[in-house]
Amino acid sequence: MPSNKETLFQNHIANYLQNKHRYVVLQKETVVDKNYHIIEAQLIDFITTTQPEKYATLQENFGTDANLEILKALKETLVKTQLWLILRNGLTVRGTKIELYKPKPRSTKSAQQLANYHKNSLCYKTEYQYNPLTKERIDLVIWLNGLPIIVTEIKHEDEGQNANDAIYSSFLNRDLENNLYKMPFMYMALTDLEAKVATNPTHAKNFLWFNAQLINKAETVGEFPTEHVYKYAFSKENIVKYIEHYLVFVPADEKINEAGILEKRNAFTIFPRYHQFRTSKNLAEDVKKLVAEKRSLGKKYLINHSAGSGKTLTIAWMADLLDSLHTADNKKIFDNIIILTDRKALDKNVKDDLKLFAHLANKVNFAKKSKDLADFLDKDKDIIVSTVHKFGHIQEKLKKDAILKDRNVAFLIDEAHRSQDGKLALTYRSFFNDDDNDTENEDDFNEDENIKELEKLNISNQIFVAFTATTTPKTVSFFGDPFDVYSEDEAIKEEYILDVAQNIFSYQTLYNLRLKEEIPTKDFPVGVVSKALKTIAYNDADLIQYKSGVIVNFFEERVAKTINGKGKAMVVTSSRPAGLQFFKNIKTILEEKELPYKVLFAFSNFPDPTTKETIDEIKLNALDTLHQHKTIEEVFELPEYRILVVANKFQTGFDQPLLSAMFLDKAVKGVNAIQTVSRLNRNHKEKKQEEILVVDFTNNSQEIFDAFNKHRKGTPYKEKEPDKQLLIDTYNEIDVLEVFTNEEIELYINAYLDSENAARERDSEIDALMSNLNQDYKALFRKRVPNLENQKEYVALLRRYAKLYYFIRQFFKFDDFLHDFVVFADVVGNMLINKGKTSEMNQLLKKVELSKGAVKYMGMKTNLQVVKEPKKTGLKIGGSGNTPTRTTIELALEQIEEKYQISKEDAIVIKEICQEVSNDYDIKERVLANKENENYLKTSATPTVKQKVRDKYIEREQIAKLDDPLYSQRGGIISLMGRAIIENIISFAG
């Protein structure tokens, strides 16, 4: 029987369901089919009251057997179809299709539809005894119209029971062949502090966190921290939404791969994580409220969700909900929902996920070409999916087409900021070329210009919803503070993704350069020269050869066996020529060592630096001859292809759960570091946290850690009104240098404006005068500011002024001189320094060569702000105030510290290792399955756990500890750790 506090919590939920949600309590005398757990009376009552004509037809055909025919058809359909799908699609009874639930109408045109929705009946039973032959019972079962849909096991954490206890005791250890564990679509392990949900309760890994926030807190005084479950998740409106919108069926899949191996995947159901449900639902409600209050749109939303947190599914659910919105006077709010992503995601991630939404099959349209996009807009298709590069086409068409200009459109954009692979950071360039070969040129990208184009748009009949994992100040300044945040910290602790920024094996590339011949003395920008010289070193054949050997050795020893022998690696190179050398070297080493692995090189086509012939991705990787023109990402899915070399391409947006290792030969920092290294964070059922490997050849580990730590808990930036004084201060900085007089500045501004007018009139004489004036001002500039570094500083100030002006002018009015000066700052700032110097410098750099190079191992670097553990509990507000029970690990650590002289650092490592091994899924499973078998625990589990502890010390490069008698002797520290770990696992399982 449940404990006292558990009973109080259970009763509280039951009372809430009855009093707040108007559930019916299942009475003892109510007849329930204990085989299928169907309440026949409620099911038939729903059908007869909402579909009397159809029921009458069944009565005409079958007389008093009509009810039996309905139940017979239902049970026969359940053999091959899940109950929730029958609910969604309806049940056919001998040619008559009947509905088993009624969705909430999207508009109020039909009073009958609304009345039928209210006739949906929700019923519950606590302590439901589901097996007539045993006394087994479940804490809470919920029925919709007599059909079991939700099963919940309840625990109270003050009684030492958590969500995992509920999973093991009431799901995994029960008769899972019983239909109560097959028919519902939601199985919940619920405590007063936390919740986990599964659609299939047969395995612990199927239960995923369903928390409102990392530490749940009650919204209402007097409620439990998991109030969101019984207040929102169990409401009639949301239960009906699950069936209509949220549940996603992924059919079974069976195929023979290129290796001739049959691959099978069972069918399964996707149910949203709480952040996905919360975000999509709240945003749809906010839009509806916006329209009701303001009678217009014109709003921008920023969704800050961690990389790997299921953004594509969130976008799909959101699109479905927004498409269903109607105003109070029954008008559809949006004419079009337009999902924008990069081309690669359109081809794979978004397309694959949206195809799972079978109920949207007739609504979703994929526009890969501009003519498709125009056609879909003309035909007023509900949901259009296209690339972000087509944004300009869409806006131009909406603005100029008389029929389309009044369209209400929602743009769902993934991502709001992206720094690689096409530069898709709000890529609203000033309306793209009207072709289908969108460029992926890194130099085309300018985030400020993209935002500037957005700022010009009239969006009174549009909304923007931008999804990003890595906000920038510019993004926040445009979109405002995030509407919803699901941070990386939360995603890691909820085990949605893996932590890829814990440890990095760091190397430093060392190099000396020399001149092949003497070169003239020239004054070039220091930063440009430094970068160019570094490029020479990072393209050096000998250094790349050495690093390629390191990569293959690491792969053999540390990567090949990960994910049960399926682990893959990505090599991020500094350039396409360098990537080509890595590819050739790694391929040669793999062949020479006769290893069963293959390598691919992903890149945009480029000319060979020596021969000038085009290096083609398709031909280099034999995609046309060996792989029937499959994409490189499709080929990389094949089991033999284990290493992928990249140069810019696939550093962002690439979703391959089998990636467990990354080798960086390119310094990444800031947002780019997060996006690149996060390629490793995708979860896989066989992938373990300790298998993640990052090797950095640029000695840049701290920059990477800093980037992750900055964004771990969500956006580090807050929306704020710009400071007008910044612009004035920048002007004063420029003015005090007295490079140009006020008269010269005024003269230039007037001349430039005259030339702009002349350009429209094609006055060649004024054009010539302007060209001469530019040359004069360049000469004056070089004379007055002879030093190149000082020239750069002045030009940087001019550019900074222009950048600040275009942003701040939206918020403030300025004096005329500040308005006029931006012409000088913007135009002259891009004209003063001779751009030809770069090419001149490149010619001179050809005379520089590497005289000596080396790769130095710098050790394994550890992120001191790492996310330590997966989520365990929530937080009680105003609880009993009991002191938390100390764990077996903490007690063992006290014993070790009393017995042995160890440092504080050693104690931290001991605790960390004990916790990591305790959370190792395989070890936990084996120990719990044999917790009563003392012989197994002593002869098998203990040696396995102790070996795992030793492995952890090796991973931390503390091998010396294993030779220390204090650790290795019988009864030493490792023995005490092994015993503590086993006791800890068993004690937490109760």
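User: In this predicted model, in which sense do strand S14 and S20 pair, and over how many bridges?

Analyst: Strand S14, residues 299–305, pairs with S20 in the parallel sense, over three bridges. One bridge can be picked out by its residues: histidine 305 has tyrosine 486 in S20 as its partner.

User: What is the order of the strands in the sheet?

Analyst: The open sheet has seven strands, ordered S16-S17-S15-S18-S19-S14-S20, with parallel pairing. Its edges are strand S16 (364–367) and strand S20 (484–486), each of which pairs on one side only. On average, neighbouring strands are turned by 15 degrees against each other, direction ignored.

User: Which strands does helix H10 lie across?

Analyst: Helix H10, residues 274–294, lies across S14, strand S19 (462–468) and S20, and runs at about 170 degrees to S14. Helix H14 (residues 370–378) also packs on the sheet, where it touches strand S15 (336–341), S16 and strand S17 (383–387). The direction of H14 makes about 150 degrees with that of S16.

User: How should I read a salt bridge?

Analyst: Opposite charges on side chains can pair when the charged atoms come close. The structure holds 37 salt bridges. One of them joins the side chains of aspartate 665 and lysine 547, at 2.6 Å from N to O. Aspartate 665 is in the loop between S27 and H25, while lysine 547 is in helix H20 (residues 541–559), so this pair ties together parts 118 residues apart in sequence.

User: Is aspartate 665 buried or exposed?

Analyst: Aspartate 665 is buried, because its relative accessible area is 1% and the cut-off for buried is under 20%. Lysine 547 is buried too, with 0%.

User: Which residue forms a salt bridge with lysine 952?

Analyst: Glutamate 916 does, with the closest N and O atoms 3.4 Å apart. Lysine 952 belongs to helix H36 (residues 934–955) and glutamate 916 to helix H34 (residues 904–918), 36 residues apart. Lysine 952 counts as buried at 4% relative accessibility, whereas glutamate 916 is partly exposed at 31%.

User: What is the nearest side chain of opposite charge to aspartate 139?

Analyst: That is lysine 155, 5.6 Å away; aspartate 139 is buried yet has no salt bridge. Aspartate 139 sits in strand S5, residues 137–144.

User: Which backbone nitrogen does the side chain of aspartate 139 reach?

Analyst: The side chain reaches the backbone nitrogen of isoleucine 154, at 2.7 Å. Leaving out residues up to four places away in sequence, aspartate 139 touches several others, including Glu6, Gln10, Lys125 and Thr152.

Key: Residues numbered from 1 in each chain as written. Predicted model: local features only at pLDDT ≥ 70, side-chain atom pairs only at ≥ 80, totals over all residues. Heavy atoms only, no water. Helix = DSSP H or I, 4+ residues; strand = E, 2+ residues; numbered from the N terminus. Buried < 20%, exposed > 50% of the residue type's maximum accessible area, 1.4 Å probe, protein only. Lys, Arg positive; Asp, Glu negative; His and termini not counted. Salt bridge = Lys/Arg side-chain N within 4 Å of Asp/Glu carboxyl O. Polar contact = N/O pair within 3.5 Å; in protein donor to acceptor, adjacent residues only side chain to side chain. Contact = heavy atoms within 4.5 Å. Pairing = 2+ DSSP bridges. Axes fitted to C-alpha atoms, helices over the stretch in contact; angles between N-to-C directions.
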